[in-house]
Amino acid sequence: MNEFNNFSGYQNEPETQRHTGNEQPRQNMNGANGYYYGARPQGYPENAMNEFSYSPAKPKKTVGKKILTGTMAILCAAAIGTTSIVGYKLVTGKNLVETGSSQSNVSKSSAKDSSSSEAASTINREDLPTLEQLAAPADAMSIPDVIDKVSPSVVGITCITSQGIATGSGIILSEDGYIITNAHVIEGAESISVVLPTYYSEGDEEEDEENLTITAEKVGSDEQTDIAVLKIDKTGLVKAEIGKSEDVRVGELAIVIGNPLGLDLANTATTGIISAKDRTITVEDITMKVFQTDASINSGNSGGALINAYGQVIGITSAKVASSSVEGLGFAIPIDDALPIITDLMENGYVTGRPSLGITGTDVTTAYSTYYGIPQGFMVAEVTEGSGADEAGVQQNDIIIAINDTIVSGISELNEVKNSFKPGDTVTLTVYRNGKKIDLEVVLGESTGEQSSDDNDDNGSTNGYNGYNDYGDGYNYFNPFGFYGGF
């Protein structure tokens, strides 16, 4: 249906039937105004206008006949009306007009409308709940109380790296100085400092700045789960209360406290809801199971606290979607998943029970495979002395192309199969060496957290090693056209 009426005089008239002043003039069917639709009748003068068609007048009726005709019409109408009323009563058993009933129905309808209006007017729109109030349970703390409770337990992390200074956030886990953060926050750090919040200030500004910044020791770090544990020489700290991420529901209140964009905005609090649970994301080759939240998470929040409406830490903020076209997508590691890792790191310095081959290396990409005429897979750069790979006879420049008959094209696929086993299990590595395929039986060791390619999906651990050069002499370059017989 059109959004407006056509005021040109052709309302609801199809486009093909609209006429302009330059077309042939219209004529009604009796020719009174001289306009005619369509072609002109034969013999119509070409330039004539306002032509009249003559019609002979009909003979006039006498006065007596007019009176008789009018009387008969009135009698016929009365008879038809009476017959219709009688027939309606016989068929339906009802009177044609039920004045009392109609009035009653109108009164009921008016009363109903009136009561609806009164109900609508009783809603107090001046005290509607906020989104945060709707997302919080009835027995929840107020948001200011939650922030007051947790802020003393959220710290800043400062790292000096070869590329400059990096900052992040951390959570106080114990009164004697154990602190948890993200592994990527302290990656490549030559020294680490923890900056306590102003809650621990003693009044003197200059002394506080020095007293609140404390050198930290790395207890352990696990890149696979992006969790690290630090220790500072300080007691009397306010440890965070740990909640249960298993009990978290989608839609409930979420509060984030951290240091976005550096320590100048330390202990910033943002709010939102838990948008989703059990999300799986991959960030820089690390695959994690996380919470999704729309509470604002920015650079510098990593390692900070995701908190519920009771002031309990339910997650460690870890990542956000970095895109100008995306808002409200932040992620946090569920605390239930993090606690076993944290315990292992505190007790052993690494996560126990993880298998290791004991090798480092780099992926053979499609481009290198084509250029050097070698298969895709994982090229070994270094073999750890005494490891399972060393004892099985794995050598530098071997290309691992399969594990337990599962073809692999790189470290990610190799680790996916390897991590399904336990330390002490035996796996079969198929390697490409000097143009031949060799099967080697490798007994898996236990990863101790030392940097190695098969412990982490990181190809940067080869320190610039380029084993492809060793394939430069003595190997025929691959001709992709020759493989198919030429074109």
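User: What makes a pair of side chains in this predicted model a salt bridge, and how many salt bridges does a search of the whole structure find?

Analyst: A salt bridge is a side-chain nitrogen of Lys or Arg within 4 Å of a carboxyl oxygen of Asp or Glu. The model is a predicted one, and a search of the whole structure finds 5 such salt bridges. As background, side chains of opposite charge can pair when their charged atoms come close.

User: Why is the pair Arg-433 and Asp-398 called a salt bridge?

Analyst: The closest N and O atoms of Arg-433 and Asp-398 are 2.7 Å apart. The definition asks for a nitrogen of Lys or Arg within 4 Å of a carboxyl oxygen of Asp or Glu, and therefore the pair qualifies. The 2.7 Å pair of side chains is also a polar contact, because that term applies to suitable N or O atoms within 3.5 Å.

User: What parts of the chain does the pair of Arg-433 and Asp-398 tie together?

Analyst: Arg-433 belongs to strand E18 (residues 426–433), whereas Asp-398 sits in the loop between helix H8 (388–392) and strand E16 (399–403). The pair therefore ties together parts that are 35 residues apart in sequence.

User: How do you know whether Arg-433 and Asp-398 are buried or exposed?

Analyst: Buried means under 20% relative accessible area. Arg-433 has 17%, so it is buried. Asp-398 has 1%, so it counts as buried too. Away from its neighbours up to four places in sequence, Asp-398 touches Phe-378, Met-379, Val-380, Gly-393, Val-431, Tyr-432 and Arg-433.

User: Which term, buried, exposed or partly exposed, applies to each residue of the salt bridge between Asp-278 and Lys-289?

Analyst: The side chains of Asp-278 and Lys-289 meet at 3.9 Å, N to O. This pair links distant parts of the chain, with Asp-278 in strand E8 (residues 268–283) and Lys-289 in strand E9 (residues 286–293), 11 residues apart. Exposed means over 50% relative accessible area. Asp-278, at 52%, therefore counts as exposed. Lys-289 has 45%, so it is partly exposed.

User: Which terms describe Glu-246 and Lys-244?

Analyst: Glu-246 and Lys-244 form a salt bridge through their side chains, at 4.0 Å, N to O. Glu-246 has 57% relative accessibility and so counts as exposed. Lys-244 has a relative accessible area of 48%, so the term for Lys-244 is partly exposed.

User: What makes the phi angles of Asp-278 and Asn-267 worth noting?

Analyst: Most residues other than glycine have a negative phi. Asp-278 is not a glycine, yet its phi is positive, about 60°. Asn-267 is likewise not a glycine and has a positive phi of about 55°. Asn-267 lies in the loop between E7 and E8, and at 22% relative accessibility it counts as partly exposed. A positive phi is also found at Gly-349, just after H6, at about 85°.

User: What makes a group of residues a nonpolar core, and which residues of the largest one touch the most other members?

Analyst: Such a core is a set of buried nonpolar residues joined through side-chain atoms within 4.5 Å. The largest nonpolar core has 30 residues, of which Ile-171, Ile-180, Ile-227, Ile-307, Ile-316, Ala-338 and Ile-342 touch the most other members. Helix H6 (335–348) is among the elements that each supply at least two residues, and H6 gives the most, with 5 residues. A second, separate core of 19 residues includes Leu-357, Val-380, Val-408 and Ile-411.

User: How do you know that the span of H6 is close to the one expected?

Analyst: H6 has 14 residues and reaches 20 Å from its first C-alpha to its last. The expected value at 1.5 Å a residue is 20 Å, and the span of H6 is close to it. The buried residues of H6 are Ile-335, Ala-338, Ile-341, Ile-342, Asp-344 and Leu-345.

User: Why are strands E1 and E2 said to pair?

Analyst: Two strands pair if at least two bridges are found between them. E1 (residues 154–161) and E2 (residues 164–172) are joined by 8 bridges and run antiparallel, so they meet this requirement. One example places Ile-157 opposite Gly-168 in E2, and a hairpin joins E1 to E2 through 2 residues.

User: Which bridges does E1 share with strand E4, and how many residues of E1 are buried?

Analyst: E1 and E4 (residues 189–195) pair in the antiparallel sense over 6 bridges. Among the bridge partners, Gly-156 is matched with Val-195 in E4. Of the 8 residues of E1, 7 are buried, and the strand is thus described as mostly covered.

Definitions and conventions:
Residues are numbered from 1 along each chain as its sequence is written. This is a predicted model: local features need pLDDT of at least 70, side-chain atom pairs count only at pLDDT 80 or more; totals for chains, interfaces and linings use all residues. Side-chain values use heavy atoms; hydrogens and water are left out. Buried means under 20% relative accessible area, exposed over 50%, partly exposed in between (1.4 Å probe, protein chains only). Helices (H or I, at least four residues) and strands (E, at least two) are DSSP runs, numbered from the N terminus. The expected span of a helix is 1.5 Å times one less than its number of residues. A polar contact is a pair of N or O atoms within 3.5 Å; within protein, one must be able to donate a hydrogen and the other to accept it, and residues adjacent in sequence count only if both atoms are side-chain atoms. Contact means heavy atoms within 4.5 Å.
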